[in-house]
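Biologist: Please put the model up. I want to ask how each label is earned.

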2 protein chains.
Amino acid sequence: MKNVTIKDVAKAAGVSYSTVSRALSGSREISHDTRERILQVCKEMNYTVNTVARSMVMKSTRLLGLILTSVNNPFMSELAYYIDQEAHMRGYNIILCNSSRDMDQERELFELMIGRQVDGILLCPAGPGSYERLRPYLSRIPTIFIGENLREVPESYVSVDNFRGAQIGVEYLYNLGHRDILYFGRRRNSTTHQLRAEGYAAACERLGLTPMYCNNTFSSTSIRYGYDLAKQLFSQQERRFSAIFAATDTNALGIMQAAEEMGLQIPQDLSLLGFDNIRDSGLPRIELTTIEQPKQLLANVALDTLVDKIQNELSGYSHRIISPALIERNSCRKI
Amino acid sequence: MKNVTIKDVAKAAGVSYSTVSRALSGSREISHDTRERILQVCKEMNYTVNTVARSMVMKSTRLLGLILTSVNNPFMSELAYYIDQEAHMRGYNIILCNSSRDMDQERELFELMIGRQVDGILLCPAGPGSYERLRPYLSRIPTIFIGENLREVPESYVSVDNFRGAQIGVEYLYNLGHRDILYFGRRRNSTTHQLRAEGYAAACERLGLTPMYCNNTFSSTSIRYGYDLAKQLFSQQERRFSAIFAATDTNALGIMQAAEEMGLQIPQDLSLLGFDNIRDSGLPRIELTTIEQPKQLLANVALDTLVDKIQNELSGYSHRIISPALIERNSCRKI
DNA sequence: GTGAAATATGCAAACGTTTTCTTGAAAAAT
DNA sequence: ATTTTTCAAGAAAACGTTTGCATATTTCAC
């Protein structure tokens, strides 16, 4: 399994190994004939350049660390796909890892990535405290936060406009005739959640609606969280809302299940609006109307920003906010 | 952003840099005092060992290449999650890439990974021809094929028992009273598909059923494929089957959508059985009964096998076949 | 108190590249 | 025919580690 090196090629071609390097790098200071000959020998010997040796001297691995909370999550896996694609187009590869929303784990992964000499890090933060916890590392490695709005923090991030997205959602329901809209989901979990809740509140204010929340003391996350909370909600006396605005599609999926079990029909008995537009939402029989986070664009902008930061050794930061759009399907009805 | 090296630490601690290396590696041939002192200095200076330099001399990167057809696919993303987890537990990291079922792309990625000096490759092959196309590389890098049964091929793979899984499925439907079971899906697409079709045929034979297939000339894949084909199927005259056994859950999802549109109720009017148990299948309102591919186990076995191959420089191969299980939900009914 | 054994540390090679500097030869200009 | 210029190719340093070998110091037995 011993790999053939540049020296083996040099010997076979009867030149010095620096000449081989030049032949491969496309340098101009080499004669046409020798280049052709060397390239021929390389092919015959199945030579592949050793990227780690190159990285040593070039001081660049062309590797990017991608730290997610979990690829096993429809939003993140789709994002990961586009990120890989965008990275590949720019000549980078991705080292993937999962923090499982554990901040200690996240910090460890950061150290690991720095040790691996990645050129930059793409981070979907584990929680609202991530920025503070990671601050010591941020000066050591170009980093971009994805999906999370850091507000006034002096670090680069790209995020959808969560505030605006929530507004759009409320306005949509309002125009459908809904006046009693329940906001369903965490409110302090992350800046993302905070902003969505704030957007909801602002829109209610503007439209003269009274905001309604449901207590959110549950700690389990996502679909299960939605299911448990909704189950409890639906078993209370009479309902005072005609629509639910779920903070995430995964929550909405849980709500759907609870509704199903309680004999509530969506959208006939209850309108349901999500946020994220994960793949599952487009499924037959689900057809959740939702606010889209444009994942491909998110990935594109993230890579542009990060690569720019790497190549120009920028110490500044940029905040990129992408506008969300409503995807109308079949979970909300006019009343 | 200049990183501090072992030499900087050595200087600060007043020792040679080999001593620092020994202090960090936990070698015994160093005095307790100097080790403590050096460790202290390392901490103060935020020293992190440069993994790529280490890789050079150790001739091991502790990186594994994971080549998927696409992370943006519920089965693969779940698999990727467990693979990362298992790899992490063994001190490896994952370089992720997507072949998009393109064999040229797949071959390129293989070369790329070899250049990056990964210690091994985990491959979800792009197609049935992958093995042949990649053969030249397989002697150069420890590789394990995942999810695909290579039959008599002398390369390591881990796969679920697709043949047996299909049998289990047919038997289940049979016991529910079904006698006219349509097999829905590709049959020559990959060994996986071939084996499922064969298992179906074998079970029919044993139970005295006549196998039924639907023509599969469509080329689009997965959910769309299922939808298109099912739509055509349902618009034909009368139906001669009471149940459909879909080759994959994604196909089944497409079938569901078509059924919905044509006013066919599942399971009342038609029983539907899937294969894979992707996350979506467990969703409320979907509740697809299906044959499970145990992803976590697949990942575990894949890493055991690969790491073993790497560490013991095994040139042999091992075929690991995992038994599938039926996950009963709500898409099949007794008749 | 001497020699041997054990222990702690330093030196230098090696890993496979890229790139600067140097050299030698050929081509061009005088 | 000589000098200058251009060009191709080699030599060697550098990247940041690990580790075998050499060396210096301590510990121990006699």
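Modeller: This is a predicted model. α2 (17-25) and α4 (51-58) of chain A, with α1 (6-13), α2 (17-25) and α4 (51-58) of chain B, each give at least two residues to the surface near DNA strand D. α4(B) supplies the largest share, five residues.

Biologist: What makes a residue part of the surroundings of DNA strand D?

Modeller: A heavy atom within 4 Å of the strand. 29 residues surround DNA strand D, and S16(A), T19(A), R22(A), I6(B) and S21(B) are the closest. Of the strand's atoms that come within 4 Å of the protein, 63% belong to sugar and phosphate.

Biologist: Why is the pair between S21(B) and a phosphate oxygen of DNA strand D called a polar contact?

Modeller: The limit is 3.5 Å between N or O atoms. A side-chain N or O atom of S21(B) lies 2.5 Å from that phosphate oxygen, so the pair qualifies. K59(A) places a polar side-chain atom 3.1 Å from a sugar or linking oxygen of the strand.

Biologist: How do you know that β9 and β10 of chain B pair?

Modeller: Pairing takes at least two bridges. Strands β9 (271-276) and β10 (289-292) of chain B have four, in the parallel sense, so they pair. L273(B) sits opposite T289(B) in β10(B).

Biologist: Why are β7 and β12 of chain B at the edges of the sheet?

Modeller: The open, mixed sheet of six strands runs β7-β6-β8-β9-β10-β12 in chain B. β7 (212-213) and β12 (325-327) each have a single partner strand, so one side of each lacks a neighbour in the sheet. Helix α9 (191-207) of chain B packs on this sheet, at about 170° to β6(B).

Technical notes: Residues are numbered from 1 along each chain as its sequence is written. Chains are lettered from A and ligands numbered from 1 in the order in which they are written. This is a predicted model: local features need pLDDT of at least 70, side-chain atom pairs count only at pLDDT 80 or more; totals for chains, interfaces and linings use all residues. Side-chain values use heavy atoms; hydrogens and water are left out. A polar contact is a pair of N or O atoms within 3.5 Å; within protein, one must be able to donate a hydrogen and the other to accept it, and residues adjacent in sequence count only if both atoms are side-chain atoms. Contact means heavy atoms within 4.5 Å. Axes are lines fitted to C-alpha atoms, for helices over the stretch in contact, and angles run from 0 to 180 degrees between N-to-C directions.
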